[in-house]
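Thank you all for coming; I would like to take a few minutes to walk through how one sheet is put together. Please bring the model up on the screen, and then we can go through the strands in turn.

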Amino acid sequence: MQFRIAAYGEVRDENGRVLLTRRRRTGREAGPWHLPGGVIDHGEPPKRAAERLVGEHTGYEVAVGAAREAVAVARRGVHTNAIIYTAEVAGGPEFEAAGEDAEWVDPARAAAEPHSPFVSACLGLADDRLAGRVDKAPQETRPVPPSKAKKGRRRRGQRFGAYGVVADVGGRVLLARIAEGYPGGGTWHLPGGGVDFGESPRAAVSREIYEETGQEALVGDLLNVTSFRHRRAIGPEGYPLDWHGVRAIYSATVPDPSAAQVVEAAGGSTSESRWWDADALDGLPLSAAVEDALQVVDLKNLAAQA
């Protein structure tokens, strides 16, 4: 099984039309509509990738805004986690994209004609090709040591994870502690983890919250997407790795909280979990993901939703 991370841009004009592309096929009818974007490069921030890829596929210069949604497609042994960003035209078109036609398309027309599952996600259409929309259990995959790198190049690893900023009605925050021996060991982290094959990011964060804390959470809005790169990360396997991680961070609430506990049978990277009063967070060793999340979320408003 292969995992990929992709970034796409949702660009609309003043009439609500969406900027889409489709391949030219000489002597044949036009191919399906695609959302401009594609697979990101190793170490590339997804937002920057969306800006680059939309330009390459459409010829337009765009300014990329907030992450709108994260979705996944799994087929033929390849699982693609994709972030869809809002974007606006900033200039162009400066050139004609080779082999593709870019066009402003009315949403009703795009929905009625063949289109990719990422177009469905952009338009809010039900689509069985999107992971989590079909009645299939995700296939769990454990980390596998990467193959040896070519001489002079460091081994590479890439992972897409889904995490939750979780609160209860009392305003407490739910955190999980990273086990010693893992990167960030001993720090308090957002509950969450890697998205399994055939699983949607939303389903993943709900599952991970339960496994790491024992809480049944209601997953809310996508708050942010962050990325990081450690060129010399060393994990439990003991070998150095050029590690690229992308995190989709969601709001989540627990209406009926209980004492937090790790319930995942296999244990793993989480040593313990606990509810914390918001005022106590300043005195804790927090992971970078927690620090980033607290800059974009109002815990009082989040707790009010529980």
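Before I name any partners, let me say that two strands count as paired if DSSP finds at least two bridges between them. What you see is a predicted model, and in it there is an open sheet of 4 strands, in the order β3-β1-β5-β4, with mixed pairing. At the edges stand β3, residues 37-39, and β4, residues 61-75, and because each has a single partner strand, one side of each is left without a neighbour in the sheet. On average, and ignoring direction, neighbouring strands here are turned by 20 degrees against each other.

Let me turn to β1, which spans residues 2-11. With β3 it runs antiparallel, and 3 bridges join the two; if you look at A7, you will find its bridge partner in β3, namely G38. With β5, by contrast, β1 runs parallel, and there 10 bridges join the pair, R4 having T80 as its bridge partner in β5.

So what lies across these strands? Helix α1, residues 46-58, lies across β1, β3, β4 and β5, the last of these being residues 78-91, and the helix runs at about 65 degrees to β1. As for how well β1 is covered, the answer is mostly, since 7 of its 10 residues are buried.

How values were computed: Residues are numbered from 1 along each chain as its sequence is written. This is a predicted model: local features need pLDDT of at least 70, side-chain atom pairs count only at pLDDT 80 or more; totals for chains, interfaces and linings use all residues. Side-chain values use heavy atoms; hydrogens and water are left out. Axes are lines fitted to C-alpha atoms, for helices over the stretch in contact, and angles run from 0 to 180 degrees between N-to-C directions. Contact means heavy atoms within 4.5 Å. Buried means under 20% relative accessible area, exposed over 50%, partly exposed in between (1.4 Å probe, protein chains only).
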